[in-house]
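The report that follows reads a model through its strand pairing, its core and one of its helices. The sequence and structure come first.

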Amino acid sequence: MHLGRVLGSVVATEKVAGLEGVRLLIVQPLDKHRRPAGQTLVAADAVSMAGPGELVYFVASREAAEALPNRFVPVDHAIVGIVDDTHLEEE
Amino acid sequence: MKVGRVAGTVVSTINIPVLDRHRLLLCDLEDAEGGVSGYTIAVDVVDAGVGDKVLILDEGSSARQILGLEWGAIRALVVGIVDELIVDGEERSTT
């Protein structure tokens, strides 16, 4: 899992079967110091509570679908939690 | 599996149910020379502490097997604490 910052949401009316009702958010992956790292991605929101600006963590690959109520959905990233805080040893 | 070092912890109260009561460790991923090549957030199953050199498993069905789950969005686990690391016949620091 990796840290990410929610930048916004994505709405798509026309989409493949299985994605109906899945909330999609734009996420900027972050490094451990919460600095942007890598390309933004679209993740399904498995906690249903993540919103723009929120610090989250997400899971990638097949496990992303396992986070959703219907586990056989075509998604490759899912937000699985909202971060309250990170504690790094050098801080 | 990968070798890493526990750099810190992640605190989260709102998460998917399968992650409830699990400790999340933020681990630097290390190459054979000890250089850092990214990080991952992994579920702790061996009571590793910050600063420990650890063994990280990053594969979903193996992770679920260890946790006794039939399904669940968990992929990365800290599955061991490294006592000794020998590369090219030389012992590398595990602290």
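In this predicted model, H2(A) stands opposite F58(A), a residue of strand β4(A). That position belongs to the pairing of β1 (residues 2–10) with β4 (residues 55–60) of chain A, which run antiparallel and are joined by 4 bridges. Strand β1(A) also pairs with β2 (residues 24–29) of chain A, again in the antiparallel sense, over 6 bridges, and here S9(A) stands opposite L25(A) in β2(A). The two pairings are set out below.

| Strand pair | Sense | Bridges | Opposite residues |
|---|---|---|---|
| β1(A) and β4(A) | antiparallel | 4 bridges | H2(A) and F58(A) |
| β1(A) and β2(A) | antiparallel | 6 bridges | S9(A) and L25(A) |

F58(A) also appears in the largest nonpolar core, which has 47 residues and in which A46(A), F58(A), A78(A), I79(A) and V80(A) have the most contacts. Leaving aside residues up to four places away in sequence, I79(A) touches F58(A) and L25(A), and its other contacts include V27(A), A43(A), A46(A), V47(A) and V56(A), as well as D45(A).

In chain B, helix α1 (residues 60–67) has G60(B), A63(B) and R64(B) as buried residues. Seen down the axis of α1(B), these buried residues fall within an arc of 95 degrees, and they therefore line one face of the helix. On the other side of α1(B), S61(B) and Q65(B) are exposed. The buried residues of α1(B) pack against α1 (63–66) of chain A, together with β5 (53–58) and β6 (76–81) of chain B. Just after α1(B), G68(B) takes a positive phi of about 70 degrees.

Definitions and conventions
Residues are numbered from 1 along each chain as its sequence is written. Chains are lettered from A and ligands numbered from 1 in the order in which they are written. This is a predicted model: local features need pLDDT of at least 70, side-chain atom pairs count only at pLDDT 80 or more; totals for chains, interfaces and linings use all residues. A residue is buried if 20 or more other C-beta atoms lie within 10 Å of its own, exposed if 12 or fewer, and partly exposed in between; C-beta atoms are placed from the backbone. Helices (H or I, at least four residues) and strands (E, at least two) are DSSP runs, numbered from the N terminus. The arc is that of the directions from the helix axis to the C-beta atoms. Two residues are in contact if their C-beta atoms, placed from the backbone, lie within 7 Å. Two strands pair if DSSP finds at least two bridges between them. A nonpolar core is a set of buried Ala, Val, Leu, Ile, Met, Phe, Trp, Tyr and Cys residues joined through C-beta atoms within 7 Å.
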